[in-house]
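Reader: I'm new to reading protein models and I'd like a close look at just one part. Could you walk me through it slowly and then show how it fits with the rest?

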Amino acid sequence: MASWYNLLEITSKVGVFMYVFGIDVGGTSVKIGFLSSEGDLLESWSIPTDLRNHGDNILFDVAESIKKFMTMKSLKDSDIIGYGFGLPGPVLNDVAIKCPNLGWENVNVPEAFRSAYGKAVSVKAGNDATVAAAGEYWQRNIKGDIVFITLGTGVGGGIVANGKVVDGAHGAGGEIGHIRVNFDHPTACSCGLEGCLETECSIRGINRMAKVLIQSKKYKTSLTDDESLSPKQVFQAAKDGDAVGLKVADQVGYYLGLACAGIAVTTDPKVILIGGGISNAGDILLENIKKHYFKFAHFAVRNMQFELANLGNDAGMYGAAYLVISESLS
Ligand SMILES: [Zn+2]
């Protein structure tokens, strides 16, 4: 199997330095990373996301920004291996099926970017969480498959198997946030289903769980049901031994442990990585996930490695670049 190490060997043998752009497109800003083929993030910057005209200007803005950068650095097109994009929605064969935050529907990213850039450059695209998974995989040099779960405003995920991200047959590979975990008191999910992992373990889900417990007045707690309530506060309270904090941490661990036990016997990854803003809670989150995971996991996968992701908001840029690198070697 080809890997990026091969490329490293190839480039060092011929003494040619090659670069790649990793572009993480969000609803507010677009992060553009300039990386070496070896995976070093050399420079990065952001431009605002222009949501006018169904997001039609976004790729033109990216192309303009990159052209300016290349001129400034005296870079030639032949120095660049390609351009990778992470997008907030399902992506299949480099086509963004639907990105509601951008106003995009069925956008063929390579075609659209080549048209914006004015040259037949190499372009790859993937779902943002899937791409973040690829970034973690590349940077951590994990020798094996991974499943990555990101906990934030939403709950997303990505799978890297045999060095490649798994888009799936419908562009929904790694859509871990929409595994149903709550059958007793399900809440409606933005996807149209209910009781999804995302409805429970996103920022809103965790806040809702804490609010219900605070309002029940059954527990002695330092947490208050107001605007300031956040997962950060809730997990901090749990670390301090607060009854509501501990109960929420346990419940979040239950939902994630349950989902991970199902995922584990589906892809049997080497590592399950937990990322996103909520993962800043750290070990208390991992310990609660593991506690429940071990109850649900099949004996063959019980010895699963759980780790915290560590690239934070840069994972998307790294992973978008990796899409190009892994493609150029296959
Ligand atoms: Zn859902």
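Reader: Let's zoom in on one strand pairing: which residue in β10 is the bridge partner of V147?

Author: It's I159: that is the residue in β10 that bridges to V147. One thing to keep in mind throughout is that this is a predicted model. The bridge belongs to a pairing of β9 (residues 146–151) with β10 (residues 155–161), which is antiparallel and runs over 6 bridges.

Now step back a little. These two strands sit in an open sheet of 5 strands, ordered β11-β10-β9-β12-β13, and the pairing in it is mixed. At the edges you'll find β11 (164–165) and β13 (305–308); each has a single partner strand, so one side of each has no neighbour in the sheet. Lying against this sheet is the helix α5, which touches β9, β10, β11 and β12 (271–275). The direction of α5 makes about 50° with that of β10.

Follow α5 and you get to the bigger layout. The domain assignment splits the chain into domain 1 (4–135 + 314–328) and domain 2 (144–309). Their C-alpha centres are 29 Å apart. Where the two meet, 14 residues of domain 1 are in contact with 19 residues of domain 2. On the domain 1 side, the elements that give two or more residues are β5 (91–92), α5 (128–140) and α11 (315–328). Of these, α5 gives the most, with 6 residues. Sorted by class, that side of domain 1 has 10 nonpolar, 3 polar and 1 charged residues.

Two of those elements, α5 and α11, also meet each other. Their axes come within 6 Å and cross at roughly 85°, so the two helices count as roughly perpendicular. Among the residues making this contact are V131, A132 and W138 of α5, along with Y318, Y322 and L323 of α11. By class, the contact of α5 with α11 has 10 nonpolar, 4 polar and 2 charged residues.

There's another sheet to look at, too. This one is also open, with 5 strands in the order β3-β2-β1-β4-β8 and mixed pairing. Its edge strands are β3 (41–48) and β8 (123–127), each pairing on one side only. From one strand to the next, the twist averages 20°. Inside this sheet, β2 (residues 29–36) and β3 pair in the antiparallel sense over 7 bridges. If you'd like a pair to find on screen, look for K31, which stands opposite S46 in β3.

Helices pack here as well. α4 touches β4 (80–87) and β8, and its direction makes about 130° with that of β8. Our friend α5 turns up again: on this sheet it touches β1 (19–25), β4 and β8, with its direction at about 110° to that of β8. So α5 packs on the sheet that holds β9 and β10, and α5 packs on this one as well.

One last stop is the partner of α4. The axes of α3 (residues 58–72) and α4 (residues 109–117) come within 8 Å and cross at roughly 50°, so these two are oblique to each other. The crossing is right-handed. L59, F60 and A63 in α3 meet A112, F113, A116 and Y117 in α4. This contact has 7 nonpolar residues, with no polar and no charged ones.

Terms used. Residues are numbered from 1 along each chain as its sequence is written. This is a predicted model: local features need pLDDT of at least 70, side-chain atom pairs count only at pLDDT 80 or more; totals for chains, interfaces and linings use all residues. Domain bounds come from an automatic or database domain assignment. Two residues are in contact if their C-beta atoms, placed from the backbone, lie within 7 Å. Helices (H or I, at least four residues) and strands (E, at least two) are DSSP runs, numbered from the N terminus. Ala, Val, Leu, Ile, Met, Phe, Trp, Tyr, Cys and Pro count as nonpolar, Asp, Glu, Lys and Arg as charged, and the others, Gly among them, as polar. Axes are lines fitted to C-alpha atoms, for helices over the stretch in contact, and angles run from 0 to 180 degrees between N-to-C directions. Angles under 35 degrees count as roughly parallel, over 145 as roughly antiparallel, 65 to 115 as roughly perpendicular and the rest as oblique. A crossing is left-handed if the near helix is turned anticlockwise from the far one by less than a right angle, and right-handed if clockwise. Two strands pair if DSSP finds at least two bridges between them.
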